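Biologist: Could you take me through one part of this structure slowly, as you would for someone in their first year? I would like to look closely at a pair of aromatic rings and then at what else is around to explore.

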Amino acid sequence: MKNWCSGVGRWCVLVGLLAVATAATGPAITFKYQTENIPGAMNTDVFGVNNSNVGVGSYVDSHGVRHGFVASGGKLTNIDDPNGSNTYCFGINNLGAIVGYYTTSSFSAQAFLYVNGTFTDIGPAGAVGSQALGINDSGDVNGNYGDSSGGGHGFLLKNGAYTTIDVPGALFTLGGGINNADVMTEVWLDAEGNAESSVYAGGKFTTINVPGAESSSAGAISNNNDIVFSWEDSSDEYYGALLHAGKFTNFEEPKGSRTWGYGINDHHVIVGSYRPNGSVSNTGFAATY
C-alpha cells in the first residue's frame, strides 16, 4: 500500500495474529508490513482493501468521535453516515462501493451501503440491528442481523433479495467476506461461545478454523480464495493468520503485542490492526505476502 494514513467492531464478537507456517510442505510465506495510521487519531483500524489498494476502516479522533474512512493515494476521506454516529466501513469492492454499519439513536447497529456519495440503509425486514461486512464486484453483500428473539443470523443480499445464512449448530452466525464467485466466509459462535469459521459455497458449509486456536474468525476472502483471519489462543492473546493454497500461516505485526487480520485483495495485500508495544490503542497496518 502507498503512503496513506489509516480504526474494531464486529457485532458482539471479533477476535483477533507470528510468521510460522503450519504447512508441512512448500516455501514459508513472509510478510512485509507498513503502518497505516491517521495522525492525531486515538485509535485506527483498517478493515478492507480493494485491488487498487484503496483502504477502508474506522478511527477515533482526538475528541473521542469515531469515523469511517476511505484512503487512497495519500488522501483520507471521512465516511460518516448522516443517519447516526460511530460509522464503521468494513468492505470495499473494486468499483468503490463500501459497506459497513453505524450506530442509531437507539444504540443499535444499522448496516449501510455507500455508493457514489449516497448512503442506503440495508438489512432484512424486521431486523433488530444489522452489519454489512463484505461486498463483491456484483454488489452482493455478506452481513449479519439480529431478530426480535435475540437470535443472530448471517445474510446475503443479492439482486435486491435477502437470504438468511445460519451455520448448522451455531448459536449465532455473524457473517464475513464474499468474493466474486459468491464464496462467503461465515464467523459463528459455538455452544461454548467461542468463535469458529466456515466457508459457505454452493449451499455447503466447510469449517476452516486456524489450527490450535481457541477462537477463530475469518475475515475477507479474495478471488483467489485466500482468506485472512483473526484468532485467539488459550491465554487470550490475539494473532492473525492467512489461509493460502490450503495452508495456514500465522502472522504478527512485529512492532506490536496483538494483531488482527481483516481485509485482503487479489494482489497479496492484507490489512488489519495491531496494538503497538506499550500502547492501549490500535494502529492500522498493511502487509504484502
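Modeller: Let's begin with F47 and F90: in this predicted model, F47 is buried, and F90 is buried too. Here, buried means under 20% relative accessible area.

How do we put a ring pair into words? A pair of aromatic rings is described by the distance of the centres and the angle of the planes. For F47 and F90, the centres are 4.2 Å apart and the planes differ by 15 degrees. Planes under 30 degrees apart count as stacked, so the pair of F47 and F90 is a stacked one. Now find the two residues along the chain: F47 sits in strand β3 (residues 43-49), while F90 belongs to strand β7 (residues 85-92). They are 43 residues apart, so this pair links distant parts of the chain.

With rings counted in this way, there are 17 aromatic pairs. You can also look for one aromatic cluster, formed by F31, Y33, F251, F285 and Y289.

Next, turn to an open sheet of four strands, which pair antiparallel in the order β2-β25-β24-β23. Strands β2 (32-36) and β23 (256-264) are at the edges, and each has a single partner strand, so one side of each has no neighbour in the sheet. On average, neighbouring strands here are turned by 30 degrees against each other, direction ignored.

Let's finish at the β23 edge: seven bridges join β23 to strand β24 (residues 269-276), and the two run antiparallel. To see one bridge for yourself, pick G261 and look across to G272, its bridge partner in β24.

Conventions
Residues are numbered from 1 along each chain as its sequence is written. This is a predicted model: local features need pLDDT of at least 70, side-chain atom pairs count only at pLDDT 80 or more; totals for chains, interfaces and linings use all residues. Side-chain values use heavy atoms; hydrogens and water are left out. Rings of Phe, Tyr and Trp (its six-membered ring) pair if their centres lie within 6.5 Å; planes under 30 degrees apart count as stacked, over 60 as edge-to-face and the rest as tilted. Buried means under 20% relative accessible area, exposed over 50%, partly exposed in between (1.4 Å probe, protein chains only). Two strands pair if DSSP finds at least two bridges between them. Axes are lines fitted to C-alpha atoms, for helices over the stretch in contact, and angles run from 0 to 180 degrees between N-to-C directions.
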